[in-house]
Amino acid sequence: MISIIGAGPVGAYLAWKLAKEGEEVRLFEEHANIGRPVQCAGIVSKNIRNFVRIDKEFVLNVIKGARIYSPNGECFEINGNNEAYILDRAKFDNYLVEKALDENAELYLGYKFLSRENGNLIFDRGGFKTDILVGADGPLSPVAKNAEMFNNRKNLIGIQVRAFLERDSDFAELYFGEEFPGFFGWVIPEGKGICRIGIAGEEVSNNFNKFLRKFSPLKIIEKQGGLIPVYNRDIQIQKDNVFLVGDAAAQNKATTGGGIVFGLKAAKILAECLVDNKNYEKEIRSKLKKDLDMNLKIRSILNKFDNEKYNSLIKLLNQDKIKEFFVSNGDMDYPTKFGFGLAIREPRLLKFLF
(Lines give C-alpha, C1' and ligand atoms only; values in the text may rest on other atoms or scores of the structure.)
Protein backbone atom coordinates (compact mmCIF):
# COMPACT_ATOMS: atom_id res chain seq x y z
CA MET A 1 0.00 0.00 0.00
CA ILE A 2 1.27 3.45 -1.00
CA SER A 3 -0.11 6.42 0.90
CA ILE A 4 0.20 9.94 -0.56
CA ILE A 5 -0.35 12.95 1.66
CA GLY A 6 -1.58 15.95 -0.33
CA ALA A 7 -4.06 15.90 -3.22
CA GLY A 8 -2.66 18.89 -5.09
CA PRO A 9 -1.61 18.44 -8.72
CA VAL A 10 1.62 16.61 -7.88
CA GLY A 11 0.11 14.21 -5.35
CA ALA A 12 -2.92 13.53 -7.55
CA TYR A 13 -0.74 12.96 -10.63
CA LEU A 14 1.46 10.55 -8.69
CA ALA A 15 -1.60 8.67 -7.44
CA TRP A 16 -2.92 8.43 -10.99
CA LYS A 17 0.35 7.06 -12.41
CA LEU A 18 0.83 4.55 -9.60
CA ALA A 19 -2.76 3.30 -9.66
CA LYS A 20 -2.55 2.93 -13.44
CA GLU A 21 0.37 0.53 -12.87
CA GLY A 22 -1.78 -1.57 -10.56
CA GLU A 23 -0.43 -0.25 -7.25
CA GLU A 24 -2.73 0.12 -4.25
CA VAL A 25 -2.89 3.83 -3.57
CA ARG A 26 -4.52 5.99 -0.93
CA LEU A 27 -4.61 9.76 -1.47
CA PHE A 28 -5.18 11.94 1.60
CA GLU A 29 -6.11 15.63 1.62
CA GLU A 30 -6.53 17.70 4.78
CA HIS A 31 -8.98 20.14 3.18
CA ALA A 32 -12.61 19.29 2.51
CA ASN A 33 -12.40 20.48 -1.11
CA ILE A 34 -9.83 19.75 -3.79
CA GLY A 35 -7.92 22.80 -5.07
CA ARG A 36 -8.93 25.13 -2.25
CA PRO A 37 -7.58 27.45 -1.02
CA VAL A 38 -5.78 28.68 -4.16
CA GLN A 39 -2.09 29.32 -3.42
CA CYS A 40 -0.62 29.60 -6.90
CA ALA A 41 -0.35 32.13 -9.73
CA GLY A 42 -1.64 29.38 -12.00
CA ILE A 43 0.57 29.88 -15.05
CA VAL A 44 2.33 26.87 -16.61
CA SER A 45 4.48 26.50 -19.70
CA LYS A 46 3.67 24.47 -22.80
CA ASN A 47 5.71 21.66 -21.18
CA ILE A 48 2.60 20.74 -19.20
CA ARG A 49 1.55 18.89 -22.35
CA ASN A 50 4.25 16.31 -21.62
CA PHE A 51 2.21 15.13 -18.65
CA VAL A 52 -1.49 15.83 -19.21
CA ARG A 53 -3.83 16.47 -22.09
CA ILE A 54 -4.81 20.11 -22.19
CA ASP A 55 -8.53 20.43 -21.59
CA LYS A 56 -10.68 23.55 -21.94
CA GLU A 57 -12.29 22.44 -18.70
CA PHE A 58 -9.37 23.79 -16.66
CA VAL A 59 -7.64 26.28 -19.01
CA LEU A 60 -8.87 29.87 -18.64
CA ASN A 61 -6.52 31.50 -21.13
CA VAL A 62 -3.64 30.72 -23.45
CA ILE A 63 -0.93 33.35 -23.70
CA LYS A 64 1.76 33.55 -26.37
CA GLY A 65 4.52 35.28 -24.48
CA ALA A 66 5.65 37.70 -21.80
CA ARG A 67 6.59 41.35 -21.50
CA ILE A 68 9.43 41.89 -19.07
CA TYR A 69 9.80 45.40 -17.67
CA SER A 70 12.98 46.92 -16.27
CA PRO A 71 12.85 49.54 -13.49
CA ASN A 72 13.18 52.36 -16.06
CA GLY A 73 10.12 51.07 -17.93
CA GLU A 74 11.86 49.48 -20.92
CA CYS A 75 10.09 46.36 -22.13
CA PHE A 76 11.60 43.13 -23.47
CA GLU A 77 8.94 41.11 -25.24
CA ILE A 78 9.18 37.33 -25.62
CA ASN A 79 6.67 35.76 -27.97
CA GLY A 80 6.30 33.13 -30.65
CA ASN A 81 7.34 29.74 -29.28
CA ASN A 82 6.61 30.52 -25.63
CA GLU A 83 2.99 29.51 -25.24
CA ALA A 84 1.73 29.17 -21.68
CA TYR A 85 -1.54 28.22 -20.05
CA ILE A 86 -3.47 30.03 -17.33
CA LEU A 87 -5.11 27.39 -15.17
CA ASP A 88 -8.20 27.28 -13.05
CA ARG A 89 -6.33 25.51 -10.28
CA ALA A 90 -9.37 24.06 -8.56
CA LYS A 91 -10.61 22.50 -11.80
CA PHE A 92 -7.11 21.34 -12.77
CA ASP A 93 -6.53 19.65 -9.42
CA ASN A 94 -9.96 17.99 -9.58
CA TYR A 95 -9.22 16.78 -13.11
CA LEU A 96 -6.10 14.95 -11.90
CA VAL A 97 -7.85 13.54 -8.84
CA GLU A 98 -10.60 12.14 -11.07
CA LYS A 99 -7.93 10.50 -13.24
CA ALA A 100 -6.54 8.80 -10.13
CA LEU A 101 -10.00 7.67 -8.99
CA ASP A 102 -10.70 6.24 -12.45
CA GLU A 103 -7.70 3.95 -11.88
CA ASN A 104 -9.11 2.84 -8.49
CA ALA A 105 -7.02 5.02 -6.21
CA GLU A 106 -8.81 5.79 -2.92
CA LEU A 107 -9.43 9.39 -1.84
CA TYR A 108 -9.82 10.60 1.73
CA LEU A 109 -10.85 14.25 2.15
CA GLY A 110 -10.61 16.13 5.44
CA TYR A 111 -7.81 13.94 6.81
CA LYS A 112 -5.01 15.89 8.46
CA PHE A 113 -1.77 13.94 8.74
CA LEU A 114 -0.29 13.99 12.24
CA SER A 115 2.46 11.38 12.37
CA ARG A 116 3.80 8.03 11.26
CA GLU A 117 4.57 5.44 13.90
CA ASN A 118 5.85 1.94 13.11
CA GLY A 119 4.22 1.87 9.68
CA ASN A 120 0.95 3.32 10.96
CA LEU A 121 -0.27 6.69 9.70
CA ILE A 122 -2.01 8.77 12.34
CA PHE A 123 -4.61 11.32 11.21
CA ASP A 124 -6.96 13.52 13.16
CA ARG A 125 -9.70 11.11 12.09
CA GLY A 126 -8.06 7.74 12.69
CA GLY A 127 -5.19 5.63 11.44
CA PHE A 128 -4.11 3.51 8.47
CA LYS A 129 -1.36 1.01 7.83
CA THR A 130 0.95 1.64 4.90
CA ASP A 131 4.08 0.28 3.31
CA ILE A 132 5.25 3.46 1.59
CA LEU A 133 4.57 7.07 2.55
CA VAL A 134 4.86 10.00 0.13
CA GLY A 135 4.74 13.62 1.21
CA ALA A 136 3.22 15.79 -1.53
CA ASP A 137 1.99 18.11 1.17
CA GLY A 138 3.48 21.47 0.29
CA PRO A 139 6.22 23.84 1.51
CA LEU A 140 5.57 23.16 5.22
CA SER A 141 5.34 19.38 4.67
CA PRO A 142 4.24 17.65 7.88
CA VAL A 143 5.55 14.41 6.37
CA ALA A 144 9.03 15.91 5.99
CA LYS A 145 8.93 17.22 9.56
CA ASN A 146 7.74 13.90 10.98
CA ALA A 147 10.46 12.01 9.09
CA GLU A 148 13.11 14.54 10.20
CA MET A 149 13.77 15.66 6.62
CA PHE A 150 12.75 19.30 7.06
CA ASN A 151 16.23 20.79 7.38
CA ASN A 152 17.70 23.56 5.19
CA ARG A 153 14.30 25.02 4.29
CA LYS A 154 13.41 28.52 3.22
CA ASN A 155 10.13 29.82 1.81
CA LEU A 156 9.14 33.04 0.11
CA ILE A 157 5.74 34.64 0.50
CA GLY A 158 3.60 35.05 -2.61
CA ILE A 159 0.56 37.30 -2.62
CA GLN A 160 -1.81 38.27 -5.43
CA VAL A 161 -5.26 39.60 -6.15
CA ARG A 162 -7.71 38.74 -8.89
CA ALA A 163 -9.05 42.02 -10.19
CA PHE A 164 -10.70 43.57 -13.20
CA LEU A 165 -7.94 45.13 -15.29
CA GLU A 166 -7.79 45.76 -19.02
CA ARG A 167 -4.63 44.18 -20.36
CA ASP A 168 -3.46 42.40 -23.52
CA SER A 169 -4.78 38.88 -22.93
CA ASP A 170 -1.97 37.36 -25.02
CA PHE A 171 0.87 38.40 -22.70
CA ALA A 172 1.88 38.01 -19.09
CA GLU A 173 3.75 40.98 -17.60
CA LEU A 174 6.78 40.64 -15.32
CA TYR A 175 8.30 43.54 -13.35
CA PHE A 176 11.85 43.53 -11.96
CA GLY A 177 13.74 45.92 -9.73
CA GLU A 178 14.73 46.84 -6.21
CA GLU A 179 11.09 47.20 -5.18
CA PHE A 180 10.78 43.41 -5.57
CA PRO A 181 13.70 42.16 -3.42
CA GLY A 182 14.44 38.51 -4.09
CA PHE A 183 11.79 38.07 -6.77
CA PHE A 184 9.51 40.06 -9.10
CA GLY A 185 5.98 41.31 -9.72
CA TRP A 186 3.48 39.95 -12.23
CA VAL A 187 0.27 40.64 -14.07
CA ILE A 188 -1.29 37.49 -15.53
CA PRO A 189 -4.41 37.81 -17.72
CA GLU A 190 -6.80 35.00 -17.02
CA GLY A 191 -9.44 36.25 -19.47
CA LYS A 192 -12.79 38.08 -19.41
CA GLY A 193 -11.08 41.27 -18.26
CA ILE A 194 -9.66 39.66 -15.11
CA CYS A 195 -5.97 39.64 -14.19
CA ARG A 196 -3.90 38.13 -11.40
CA ILE A 197 -1.64 40.83 -9.97
CA GLY A 198 0.99 39.85 -7.45
CA ILE A 199 4.50 39.81 -6.09
CA ALA A 200 6.64 37.45 -4.02
CA GLY A 201 9.59 37.80 -1.68
CA GLU A 202 10.64 37.55 1.94
CA GLU A 203 8.71 40.68 2.96
CA VAL A 204 5.87 41.63 0.65
CA SER A 205 3.10 43.62 2.34
CA ASN A 206 4.36 47.17 1.77
CA ASN A 207 5.78 46.43 -1.66
CA PHE A 208 2.58 44.69 -2.68
CA ASN A 209 0.42 47.68 -1.84
CA LYS A 210 2.85 49.93 -3.69
CA PHE A 211 2.73 47.63 -6.73
CA LEU A 212 -1.07 47.60 -6.77
CA ARG A 213 -1.11 51.39 -6.89
CA LYS A 214 0.46 51.19 -10.35
CA PHE A 215 -2.87 49.87 -11.61
CA SER A 216 -5.35 51.79 -9.46
CA PRO A 217 -8.21 52.14 -9.31
CA LEU A 218 -8.78 48.37 -9.12
CA LYS A 219 -11.95 46.40 -8.54
CA ILE A 220 -10.58 43.47 -6.58
CA ILE A 221 -12.45 40.16 -6.74
CA GLU A 222 -10.40 38.17 -4.25
CA LYS A 223 -7.03 38.00 -2.54
CA GLN A 224 -4.83 34.91 -2.61
CA GLY A 225 -1.50 33.97 -1.11
CA GLY A 226 0.84 31.15 -0.21
CA LEU A 227 4.39 30.03 0.36
CA ILE A 228 6.92 29.42 -2.40
CA PRO A 229 9.67 26.96 -1.45
CA VAL A 230 13.21 27.96 -2.35
CA TYR A 231 15.06 25.11 -4.02
CA ASN A 232 18.05 23.85 -2.07
CA ARG A 233 20.49 21.21 -3.34
CA ASP A 234 20.86 19.76 0.16
CA ILE A 235 17.21 18.99 0.87
CA GLN A 236 16.72 15.28 1.59
CA ILE A 237 13.92 13.74 -0.48
CA GLN A 238 14.10 10.07 0.53
CA LYS A 239 14.52 8.28 3.84
CA ASP A 240 13.83 4.56 4.06
CA ASN A 241 10.29 4.17 2.70
CA VAL A 242 9.34 7.85 3.04
CA PHE A 243 9.58 10.06 -0.05
CA LEU A 244 9.03 13.76 -0.75
CA VAL A 245 7.87 15.24 -4.06
CA GLY A 246 6.85 18.61 -5.48
CA ASP A 247 6.80 21.60 -3.12
CA ALA A 248 7.42 19.26 -0.19
CA ALA A 249 10.82 18.57 -1.77
CA ALA A 250 11.26 22.18 -3.02
CA GLN A 251 11.39 20.86 -6.58
CA ASN A 252 10.45 24.14 -8.19
CA LYS A 253 12.12 26.76 -10.35
CA ALA A 254 14.13 29.23 -8.30
CA THR A 255 13.81 31.72 -11.18
CA THR A 256 10.01 32.00 -11.15
CA GLY A 257 8.85 29.90 -8.20
CA GLY A 258 6.81 27.72 -10.56
CA GLY A 259 6.45 24.19 -9.26
CA ILE A 260 3.79 22.44 -11.32
CA VAL A 261 5.81 21.25 -14.34
CA PHE A 262 8.89 20.25 -12.33
CA GLY A 263 6.64 18.72 -9.68
CA LEU A 264 4.82 16.59 -12.26
CA LYS A 265 8.14 15.50 -13.74
CA ALA A 266 9.40 14.52 -10.28
CA ALA A 267 6.14 12.65 -9.62
CA LYS A 268 6.56 10.73 -12.86
CA ILE A 269 10.11 9.82 -11.86
CA LEU A 270 8.98 8.74 -8.39
CA ALA A 271 6.18 6.59 -9.82
CA GLU A 272 8.68 4.80 -12.05
CA CYS A 273 11.05 4.31 -9.12
CA LEU A 274 8.37 2.84 -6.87
CA VAL A 275 7.08 0.50 -9.58
CA ASP A 276 10.50 -0.61 -10.85
CA ASN A 277 12.36 -0.42 -7.50
CA LYS A 278 14.81 2.28 -8.63
CA ASN A 279 16.66 4.78 -6.46
CA TYR A 280 14.59 7.97 -6.38
CA GLU A 281 17.38 10.37 -5.36
CA LYS A 282 19.67 9.01 -8.06
CA GLU A 283 16.99 9.35 -10.75
CA ILE A 284 16.20 12.92 -9.70
CA ARG A 285 19.89 13.81 -9.87
CA SER A 286 20.07 12.32 -13.34
CA LYS A 287 16.86 13.71 -14.85
CA LEU A 288 15.96 16.91 -13.00
CA LYS A 289 18.77 18.27 -10.84
CA LYS A 290 20.70 19.97 -13.65
CA ASP A 291 17.81 22.29 -14.50
CA LEU A 292 16.93 22.88 -10.85
CA ASP A 293 20.54 23.90 -10.25
CA MET A 294 20.65 26.17 -13.30
CA ASN A 295 17.47 27.96 -12.23
CA LEU A 296 19.00 28.41 -8.77
CA LYS A 297 22.18 29.84 -10.28
CA ILE A 298 20.20 32.37 -12.32
CA ARG A 299 18.14 33.37 -9.28
CA SER A 300 21.25 33.84 -7.13
CA ILE A 301 22.63 36.20 -9.78
CA LEU A 302 19.39 38.18 -10.13
CA ASN A 303 19.12 38.57 -6.37
CA LYS A 304 22.32 40.65 -6.46
CA PHE A 305 21.03 43.06 -9.12
CA ASP A 306 20.23 46.67 -8.44
CA ASN A 307 18.03 48.77 -10.73
CA GLU A 308 20.97 49.78 -12.88
CA LYS A 309 21.90 46.19 -13.63
CA TYR A 310 18.30 45.27 -14.43
CA ASN A 311 18.11 48.20 -16.83
CA SER A 312 21.36 47.11 -18.50
CA LEU A 313 20.23 43.50 -18.80
CA ILE A 314 16.89 44.35 -20.41
CA LYS A 315 18.59 46.75 -22.81
CA LEU A 316 21.05 44.02 -23.81
CA LEU A 317 18.27 41.47 -24.31
CA ASN A 318 16.24 43.92 -26.37
CA GLN A 319 18.05 43.18 -29.60
CA ASP A 320 16.53 41.57 -32.68
CA LYS A 321 19.02 38.70 -32.67
CA ILE A 322 18.13 37.88 -29.05
CA LYS A 323 14.38 38.14 -29.65
CA GLU A 324 14.67 35.85 -32.67
CA PHE A 325 16.65 33.35 -30.62
CA PHE A 326 13.98 33.23 -27.89
CA VAL A 327 11.24 32.65 -30.48
CA SER A 328 12.83 29.39 -31.62
CA ASN A 329 14.80 28.32 -28.54
CA GLY A 330 13.33 29.88 -25.42
CA ASP A 331 11.98 27.60 -22.70
CA MET A 332 10.78 29.06 -19.41
CA ASP A 333 11.40 25.77 -17.60
CA TYR A 334 14.72 24.52 -18.92
CA PRO A 335 17.38 27.25 -19.27
CA THR A 336 20.07 24.60 -19.82
CA LYS A 337 18.56 24.06 -23.28
CA PHE A 338 19.23 27.61 -24.48
CA GLY A 339 21.67 29.34 -22.11
CA PHE A 340 24.81 28.39 -24.04
CA GLY A 341 23.32 29.42 -27.39
CA LEU A 342 22.19 32.73 -25.90
CA ALA A 343 25.70 33.48 -24.62
CA ILE A 344 27.18 32.72 -28.05
CA ARG A 345 24.85 35.23 -29.71
CA GLU A 346 25.55 37.90 -27.11
CA PRO A 347 28.81 37.31 -25.18
CA ARG A 348 28.25 40.48 -23.15
CA LEU A 349 25.58 38.56 -21.22
CA LEU A 350 28.39 36.59 -19.59
CA LYS A 351 29.42 39.66 -17.59
CA PHE A 352 26.28 39.25 -15.50
CA LEU A 353 27.61 35.91 -14.24
CA PHE A 354 30.39 37.77 -12.47
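**Group meeting: salt bridges, a small sheet and two cores**

Hi everyone, let me begin with charge pairs: this model has 17 salt bridges in total. Please keep in mind as we go that it is a predicted model.

Here is a pair to warm up with. Asp 55 and Arg 53 form a salt bridge, with 3.3 Å between the closest N and O atoms. How exposed is each partner? Asp 55 counts as buried, at 16% relative accessibility, whereas Arg 53 is exposed, with a relative accessible area of 54%.

Now compare that with Arg 196 and Glu 190. Their closest N and O atoms are 2.7 Å apart. Here Arg 196 is buried at 6% relative accessibility, and Glu 190 is buried too, at 7%. So both ends of this salt bridge fall under the 20% relative accessible area that defines buried.

My third pair sits within a helix. Glu 283 and Lys 287 are both in helix 6, which covers residues 280-287, and they are four residues apart, about one turn of the helix. For background, an α-helix has 3.6 residues a turn, so residues three or four places apart point the same way. The two side chains meet in a salt bridge at 3.1 Å, N to O. Glu 283 counts as buried, at 16% relative accessibility, while Lys 287 is partly exposed, at 34%.

Before we leave the charges, which residues are joined into one network by salt bridges that share partners? They are Arg 162, Glu 190, Arg 196 and Glu 222, so the Arg 196 and Glu 190 pair we just met belongs to that network.

On to the sheet. Three strands make an open sheet in the order 9-10-11, and the pairing is antiparallel. Strand 9 (113-117) and strand 11 (126-129) are at the edges; each has a single partner strand, so one side of each has no neighbour in the sheet. From one strand to the next, the twist averages 20 degrees. If you zoom in on strand 9 and strand 10 (residues 120-123), you will find four bridges joining them. Phe 113, for example, has Phe 123 in strand 10 as its bridge partner.

Next, helix 7, residues 289-302. This helix has 14 residues and reaches 20 Å from its first C-alpha to its last, close to the 20 Å expected at 1.5 Å a residue. What does it pack against? The buried residues of helix 7 pack against helix 5 (260-276) and helix 8 (307-317). Those buried residues include Leu 292, Leu 296, Ile 301 and Leu 302, and also charged ones, among them Asp 291, Asp 293 and Arg 299.

Finally, the nonpolar cores. The largest has 70 residues, and the ones with the most contacts inside it are Ile 4, Leu 14, Val 134, Val 245 and Tyr 280. Helix 5 gives this core its largest share, 11 residues. Ile 4 is a good one to click on. Leaving out residues up to four places away in sequence, Ile 4 touches Gly 11, Leu 14, Ala 15, Leu 18, Val 25, Arg 26, Leu 27, Phe 28, Val 134 and Ala 136. Two of those, Leu 14 and Val 134, are also on the list of residues with the most contacts in the core.

There is also a second, separate core of 25 residues, which includes Ile 63, Ala 172, Ile 301 and Ile 322. You have met Ile 301 already, among the buried residues of helix 7.

That's my tour, thanks for listening!

Methods
Residues numbered from 1 in each chain as written. Predicted model: local features only at pLDDT ≥ 70, side-chain atom pairs only at ≥ 80, totals over all residues. Heavy atoms only, no water. Pairing = 2+ DSSP bridges. Helix = DSSP H or I, 4+ residues; strand = E, 2+ residues; numbered from the N terminus. Axes fitted to C-alpha atoms, helices over the stretch in contact; angles between N-to-C directions. Salt bridge = Lys/Arg side-chain N within 4 Å of Asp/Glu carboxyl O. Buried < 20%, exposed > 50% of the residue type's maximum accessible area, 1.4 Å probe, protein only. Expected span 1.5 Å × (residues − 1). Contact = heavy atoms within 4.5 Å. Core = buried A, V, L, I, M, F, W, Y, C linked by side-chain atoms within 4.5 Å.
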